[in-house]
Amino acid sequence: MRSFIAIDLPEDVRDYLYNFQSKLKQLPAKIKWIEKKNLHLTIKFLGEIDDKKLLEIKEILSRIHYNSFEANLSNLGFFPDENHVNVIWVGIEPINQVIGLQQKIDSELLNLFSKNQKFSSHVTLGRVKFVKIKNKFLGMLKEQKIERTKFKIDSFRLYKSILMKDGPIYEVLEEYRLL
């Protein structure tokens with residue numbers, strides 16, 4: 001099964017981001033927007049795992065101790081760069097706290113997943129399919145401002161991802177509370 005570890009966002013934060021996506025729909029581009037229910041912060045993509053590995057992962061994750069913390073939405077950004085915008089995202093701060101949790105999870109799972117992944121503290125809003133007027137697109141994108149919406153990160157979840165033609169379906173396999 002295809003799986004990943006993520007931090008869920010509170011309903012009010014997802015509402016804010018969904019409304020923010022609506023403002024971005026005026027951009028001169030074709031963009032596949034992430035559904036409100038699927039907005040999250042991916043901590044680690046695990047890929048395809050079997051049932052045996054799933055049990056090991058659940059056991060390891062249940063032993064992780066990390067303090068809960070206050071976070072907020074930060075800036076709007078895009079990957080990989082201005083010349084080729086493929087993803088529009090919103091950052092999450094404090095970066096050192098998010099990265100600390102990500103590194104803790106990564107190091108605990110090192111025996112099962114030896115390859116470290118590049119990590120960026122962000123929530124994907126949409127995937128850009130093509131841009132109609134590049135200068136106008138970038139100008140309008142850079143004008144957008146994110147409210148520093150505060151929320152508490154007090155858990156993370158292990159998810160199963162089922163790919164469908166209309167978009168992925170995420171199923172929670174396990175939730176892990178932070179201290």
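User: What makes you say that helix α3 lies across β1, β3 and β8?

Analyst: Helix α3 (residues 95-108) lies across those three strands, running at about 20 degrees to β3. The helices (H or I, at least four residues) and strands (E, at least two) are DSSP runs, numbered from the N terminus. The angle comes from lines fitted to C-alpha atoms, for helices over the stretch in contact, and runs from 0 to 180 degrees between N-to-C directions; contact means heavy atoms within 4.5 Å. This is a predicted model, where local features need pLDDT of at least 70 and side-chain atom pairs count only at 80 or more, while totals for chains, interfaces and linings use all residues. Residues are numbered from 1 along each chain as its sequence is written, and side-chain values use heavy atoms, with hydrogens and water left out.

User: How do you know that β1 and β8 pair?

Analyst: Two strands pair if DSSP finds at least two bridges between them. β1 (residues 2-8) and β8 (residues 155-162) have four, in the antiparallel sense, so they qualify. Ile5 stands opposite Leu158 in β8.

User: Why are β3 and β9 called edge strands?

Analyst: The order in this open sheet of four strands is β3-β1-β8-β9, with antiparallel pairing. β3 (40-48) and β9 (169-177) each pair on one side only. The twist averages 25 degrees from one strand to the next. Helix α2 (residues 51-62) packs on the sheet too, touching β1, β3, β8 and β9.

User: Why is lysine 44 called buried?

Analyst: Buried means under 20% relative accessible area (exposed is over 50%, partly exposed in between; 1.4 Å probe, protein chains only). Lys44 has 2%, so it is buried. This lysine 44 is found in strand β3.

User: What makes the link between lysine 44 and aspartate 106 a polar contact?

Analyst: A polar contact is a pair of N or O atoms within 3.5 Å; within protein, one must be able to donate a hydrogen and the other to accept it, and residues adjacent in sequence count only if both atoms are side-chain atoms. The side chains of Lys44 and Asp106 are joined at 2.5 Å, so the distance passes.

User: What is the order of the open sheet of five strands, and why do β2 and β7 stand at the edges?

Analyst: That order is β2-β6-β5-β4-β7, with antiparallel pairing. β2 (29-33) and β7 each have a single partner strand, so one side of each is left without a neighbour in the sheet. Between β5 (residues 84-93) and β6 (residues 122-131) there are five bridges, and Ile88 stands opposite Gly126 in β6.
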